[in-house]
Amino acid sequence: MPRKIPKSLFDAKLLPLWRDSKRFTAHPLRVAPTGGKSKHFSGGPAPHAGSKCPECKQKLTLLWDLDLTDPLIPDYAREGFSPCTRLPLYICWQCVTASYAVTSDARLKCFPFDHHSDYLEEGETPFPDAPLEMPRRPIALQRIPSTLDALASLANVIGLNELDKPARVALDQSLSTKLSTDWDLPFSQFGGQPLVSPRRGDMVCPNPKCPANELTHPYGEMQRPYLMKEMALIQWRDEPILAEHCFQLLYFICGICFSMRAEYRCS
Ligand SMILES: [Zn+2]
Ligand SMILES: [Zn+2]
């Protein structure tokens with residue numbers, strides 16, 4: 001059975017966000033390694049039974065382990081993932097994708113690949129020797145200011161070189177770097193509009209039992225709001241294994257049953 005639909009998702013104030021954008025949350029959070037204490041981590045042992053790829057049978061690797069009790073994460077996300085208190089972002093290093101739903105802090109359910117799945121065949125992965133368990137490191141979530149969000153989102157759509165000089169200067173200052181190409185722009189983030197390239201088309205829920213899997217409204221109408229939202233991006237610069245091959249991982253989320261898909265982008 002699909003999970004109960006969190007009522008808060010259909011609040012009047014959230015409807016424009018869900019109808020007109022691919023944002024899972026209005027406000028993006030930047031995710032970066034930290035030397036300090038944190039309740040969020042990258043890497044570490046995989047605590048979920050069932051974290052095995054249904055295609056190649058390899059164990060999934062835990063990349064991010066986010067604490068859903070963080071007040072920076074909106075209530076409707078917390079409610080949607082309930083009873084989980086943590087949100088794990090997994091990947092199969094062989095197929096460089098994953099489709100699953102977390103059902104508790106100890107278990108997840110992987111979905112078989114479907115015709116929307118973009119995965120690498122045996123022998124194609126650039127990560128055959130990647131460790132199944134990454135070193136556990138604390139990571140910090142930090143709110144991205146709206147000015148940076150707006151400029152970065154615009155640059156991601158029209159290209160960095162199309163921005164005028166004041167916008168380029170503001171972007172460089174916000175990121176404390178000198179951006180020279182579009183490839184310099186993306187960063188790891190949760191929520192908001194992840195800066196992916198190349199951008200893909202619409203994505204559909206991988207859960208065969210979810211009404212959104214068939215792209216139909218539970219009562220029969222076709223509804224775009226039921227397409228998956230773009231929830232998180234792990235940028236290659238922030239993950240040493242991804243950095244070897246300049247990979248980005250984009251995590252989609254279904255707003256009905258909160259199942260996820262991970263897809264790779266290579267730049
Ligand atoms: Zn696999
Ligand atoms: Zn779904």
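**View 1. Lysine 57 in the loop between S2 and S3**. In this predicted model, lysine 57 belongs to the loop that runs between S2 and S3, and its phi is positive, at about 70°, although lysine 57 is not a glycine. Lysine 57 is exposed, because 9 other C-beta atoms lie within 10 Å, and a residue counts as exposed at 12 or fewer.

**View 2. Serine 176 in the loop between H4 and S8**. Serine 176, whose place is in the loop between H4 and S8, also has a positive phi, near 50°, in a residue other than glycine. With 6 other C-beta atoms within 10 Å, serine 176 is exposed.

**View 3. The cis peptide bond between serine 82 and proline 83**. Serine 82 and proline 83 are joined by a cis peptide bond, for which omega is about 10°. Proline 83 lies in the loop between helix H2 (75–81) and S4.

**View 4. The open sheet and its two edge strands**. The protein chain contains 5 helices and 11 strands, and 11 strands form an open sheet, with antiparallel pairing, in the order S4-S3-S2-S7-S1-S8-S9-S10-S11-S5-S6. Strand S4 (86–91) and strand S6 (108–110) are at the edges, and each has a single partner strand, so one side of each has no neighbour in the sheet. Although S4 stands at an edge, S4 is mostly covered, with 5 of its 6 residues buried. The partner shown here is strand S3 (residues 61–67), which pairs with S4 in the antiparallel sense over 6 bridges; within this pairing, tryptophan 64 has leucine 89 of S4 as its bridge partner.

**View 5. Strand S7 and its pairing with S1 and S2**. Strand S7 (residues 137–143) runs antiparallel to S1, to which 5 bridges join it, and also antiparallel to strand S2 (residues 40–42), to which 3 bridges join it. Isoleucine 139 in S7 appears in both pairings, standing opposite proline 33 and serving as the bridge partner of histidine 40. Strand S1 (residues 29–33) is in turn joined by 2 bridges to strand S8 (residues 189–190), again in an antiparallel arrangement, and in that pairing leucine 29 stands opposite phenylalanine 190.

**View 6. Isoleucine 144 and arginine 23, two loop residues with distant partners in sequence**. Isoleucine 144 has its place in the loop between S7 and H3, and its C-alpha atom is separated by 7.3 Å from that of histidine 27, which is 117 residues away along the chain. When residues up to four places away in sequence are not counted, isoleucine 144 touches Pro28, Leu29, Arg30, Asp149, Gln189 and Gly192. Isoleucine 144 counts as partly exposed because 19 C-beta neighbours lie inside 10 Å, whereas a residue needs 20 or more to be buried. Arginine 23, located in the loop between helix H1 (15–20) and S1, is likewise partly exposed, with 19 other C-beta atoms within 10 Å. The C-alpha atoms of arginine 23 and glutamine 193 are separated by 5.5 Å, while the two residues are 170 residues apart along the chain. For the protein chain, among contacts between residues at least 6 apart in sequence, 67% join residues at least 24 apart.

**View 7. The crossing of helices H3 and H4**. The axes of helix H3 (residues 146–158) and helix H4 (residues 165–175) come within 10 Å of each other and cross at roughly 120°, which makes H3 oblique to H4. The crossing in which H3 passes H4 is left-handed. At the contact, Thr147, Leu148, Leu151, Ala152 and Ala155 in H3 meet Ala167, Ala170, Leu171 and Ser174 in H4.

**View 8. Isoleucine 91 in the largest nonpolar core**. Of the 267 residues of the protein chain, 39% count as buried. The largest nonpolar core has 61 residues, of which Ile91, Tyr100, Leu249, Tyr251, Ile253 and Cys254 touch the most other members. Strand S10 (residues 247–253) contributes the most to this core, giving 6 residues. Isoleucine 91, leaving aside its neighbours within four places in sequence, is in contact with Leu60, Thr61, Leu63, Val96, Ala98, Leu249 and Ala262.

Definitions and conventions:
Residues numbered from 1 in each chain as written. Chains lettered and ligands numbered in written order. Predicted model: local features only at pLDDT ≥ 70, side-chain atom pairs only at ≥ 80, totals over all residues. Pairing = 2+ DSSP bridges. Helix = DSSP H or I, 4+ residues; strand = E, 2+ residues; numbered from the N terminus. Core = buried A, V, L, I, M, F, W, Y, C linked by C-beta atoms within 7 Å. Contact = placed C-beta atoms within 7 Å. Axes fitted to C-alpha atoms, helices over the stretch in contact; angles between N-to-C directions. Parallel < 35°, antiparallel > 145°, perpendicular 65-115°, else oblique. Left-handed = near helix turned anticlockwise from the far one by under 90°.
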